[in-house]
Amino acid sequence: MLEALGEIFLTPEYAFMRRAILVGVLVSLCAALLGVSLVLKRYSMIGDGLSHVGFGTLAIATAMNAAPLTISIPVVVLAAFMLLRISENSKIKGDAAIAIISTSSLAVGVAVISLTTGMNTDVCNYMFGSILAMNKSDVSLSIALAVVVLGMFILFYNKIFAVTFDENFARATGVPSGIYNMLLAFLTAITIVLGMRMMGAMLISSLIIFPALSSMRLCKTFRSVTICSAIVSVVCFFIGVLLSYVHVIPTGASVVLINIAAFLLFWAASLLPLRSIGDKIQIWRKSV
Amino acid sequence: MIKREYKGQESEVLLACKDLSFAYDGGTAVSGLNFEVHKGDYLCVVGENGSGKSTLIKGLLNLKSPASGSIIRGGGLGLNEIGYLPQQTAAQKDFPASVYEVVLSGRLGSRGILPFYSLKDRAIAQENMDLLDITRLRHRCYRELSGGQQQRVLLARAMCATKKLLLLDEPVSGLDPLVTAELYRLIERINREAGVTVIMVSHDINSAVKYASHILHLKHVQLFFGAKEDYINSSAGIQFLGGEQYA
């Protein structure tokens, strides 16, 4: 592992790897922050639905020889607003509608790919991720967008908390919760498109769900859950990328595996009596 | 028995509803509402399930627009100056948040577009935590508190949003009798000492009659509105109170 680390960070020819890792770290950070809200709001399925829509747009963009991000972003953002509407509207069965949209996009994507380039390694990369998928202009656009997502999250952190914890109360005190739900959906859509090719369309939603779930095993305040899941996400991504490099596994798959390991670790730790001792220390520390 | 020095004394009208009605999917939820809430009142909205109580609450909070009639606000009551204590949702039961985070979020409505809380906001949150005696729970996780403690936290949050009017939606449902009595006394104290007007929706007619100054009885229409003393002797009151006692 250490050798691989040296190779990636010291060899000049590996600049593309370093850029890709930078994008990956930023995307994991965004996904983890948004994930806390999405999981608590029971919106996890939206992330999953969006990644499938993303796969469809990626296939179409490749067929048209267009830059993937420019086609994917508007379509996925649109899909995000639609999914949000569906899950807020109790008349339509939300989960069924999301499943239909997911599978339809997948079907369109696969059909377009087989008609144009044929099923090849590209398809495998789309689905399960590759660190080599991004070119230089993609990387700079991704970095810029990730910074915007992070900035928006920090700026609207308090509002996102209020809307996540109690939407009725937030609305009653004049917080336009609809707008913040849309903001959340918008930022999620962008994060998914950015991370999709590196993590794979089938696996990107785990980047949103796992870190939040892991840190909720141990942390008890919204702030600590948010910070903890950001750290977990970045660390897991980093280890996952190295693993993927050393053992030639698709990046998405190895990152998800590391996330599963982290989740199990946190879960086991939450069962230990250590937890209540930790609580007491925390209470004592804050009371001093 | 609590005697209120309301009668005969002109006080400011905070809310006035005129011929108000609400509809859902073409049907009428509740209609013919004509009542006023004065500053310092403690109004209890009673009625059976599905009598239009929750619809009225949504209307007062501006979350649902009336089908007809109007709600007039007075006494300098702003749009976002109603402290609301909603019924708890399932998602909140396993929500990781500290008591302080929840209470502080009550200040958000007054922040407008500004992203972060000011020192004043934090001071107000602390003040209300002291008032409701939950300061020692400050760093505890909300989901690990008892039902009564959770209601105190949500009450403190509601108090952060207002100095004028509290709207409580079934605040004692699911609480044991001891905690219920404690919460009622707390609300009474807030009403009398802090001078906050209270509108409470409740199933518990006996406590409503005990603590409130005014009663609004709904059954798709307004069966009764007026002072508590008059309600006890009204036909609607005798029937509802009697029904509760001998059922």
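**Exercise 1. Placing B:S207**

Work out which element of chain B holds B:S207, and whether B:S207 is buried or exposed in this predicted model.

*Solution.* Start with the address: B:S207 sits in helix α7 of chain B. Next, look at the accessibility, which is 14% in relative terms. The cut-off for buried is under 20%, so B:S207 counts as buried. Finally, check who touches it: once neighbours within four places in sequence are set aside, B:S207 is in contact with B:Y184 and B:A212.

**Exercise 2. Checking helix α6 of chain B**

Find out what length to expect for the 17 residues of α6(B), then list which of its residues are buried and what they pack against.

*Solution.* Take the length to begin with. Helix α6(B) covers residues 177-193, and at 1.5 Å a residue it should span 24 Å. Its end C-alpha atoms lie 24 Å apart, so expectation and model agree.

Now the burial. B:T180, B:L183, B:Y184, B:L186, B:I187, B:E188, B:I190 and B:N191 are the buried residues of α6(B). A bit of helix geometry helps in reading that list: an α-helix has 3.6 residues a turn, so residues three or four places apart point the same way.

Then the packing partners. In chain B, the buried residues of α6(B) pack against strands β3 (42-46), β6 (165-169) and β7 (197-201), plus helices α4 (119-131), α5 (147-161) and α7 (205-211). One of those buried residues, B:Y184, is the contact of B:S207 from Exercise 1. To finish, look past the helix: B:G195 follows α6(B) and has a positive phi, near 70°.

**Exercise 3. Two residues with positive phi**

Say where B:D19 and B:N62 are found, and how accessible each one is.

*Solution.* Some background first: most residues other than glycine have a negative phi.

- B:D19 isn't a glycine, yet its phi is positive, about 45°. The residue lies in strand β1 (residues 13-24) of chain B. Its relative accessibility is 52%, so B:D19 counts as exposed.
- B:N62 also has a positive phi, near 70°, and is not a glycine either. Look for B:N62 in the loop between α1 (53-60) and β4 (68-73) of chain B. With a relative accessible area of 47%, B:N62 is partly exposed.

**Exercise 4. One helix, two partners**

Describe how α11(A) packs with α12(A) and with α13(A): what are the crossing angles, and which residues meet?

*Solution.* Two packed helices are described by the angle between their axes and the distance between the axes. Go pair by pair.

1. The axes of α11(A) (residues 204-218) and α12(A) (residues 222-247) come within 8 Å and cross at roughly 125°. The two are therefore oblique to each other, and the crossing is right-handed. On the α11(A) side, A:P211, A:A212, A:S215 and A:M216 take part; they meet A:V225, A:C228, A:S229, A:V232 and A:S233 of α12(A). Sorted by type, that contact has six nonpolar, three polar and no charged residues.
2. The axes of α11(A) and α13(A) (residues 251-271) also come within 8 Å, crossing at roughly 15°. That makes the pair roughly parallel, with a left-handed crossing. Residues in the contact include A:L207, A:F210 and A:L218 of α11(A), and A:I260, A:F263 and A:W267 of α13(A). The tally here is 13 nonpolar, five polar and one charged.

**Exercise 5. The surroundings of A:H52**

Decide whether A:H52 is buried or exposed, and name what it touches.

*Solution.* A:H52 is part of helix α3 (residues 44-63) of chain A. Its relative accessible area is 11%, so A:H52 is buried. Leaving out residues up to four places away in sequence, A:H52 touches A:S102, A:S105, A:L106 and A:M202.

Conventions
Residues are numbered from 1 along each chain as its sequence is written. Chains are lettered from A and ligands numbered from 1 in the order in which they are written. This is a predicted model: local features need pLDDT of at least 70, side-chain atom pairs count only at pLDDT 80 or more; totals for chains, interfaces and linings use all residues. Side-chain values use heavy atoms; hydrogens and water are left out. Axes are lines fitted to C-alpha atoms, for helices over the stretch in contact, and angles run from 0 to 180 degrees between N-to-C directions. Helices (H or I, at least four residues) and strands (E, at least two) are DSSP runs, numbered from the N terminus. Angles under 35 degrees count as roughly parallel, over 145 as roughly antiparallel, 65 to 115 as roughly perpendicular and the rest as oblique. A crossing is left-handed if the near helix is turned anticlockwise from the far one by less than a right angle, and right-handed if clockwise. Contact means heavy atoms within 4.5 Å. Ala, Val, Leu, Ile, Met, Phe, Trp, Tyr, Cys and Pro count as nonpolar, Asp, Glu, Lys and Arg as charged, and the others, Gly among them, as polar. The expected span of a helix is 1.5 Å times one less than its number of residues. Buried means under 20% relative accessible area, exposed over 50%, partly exposed in between (1.4 Å probe, protein chains only).
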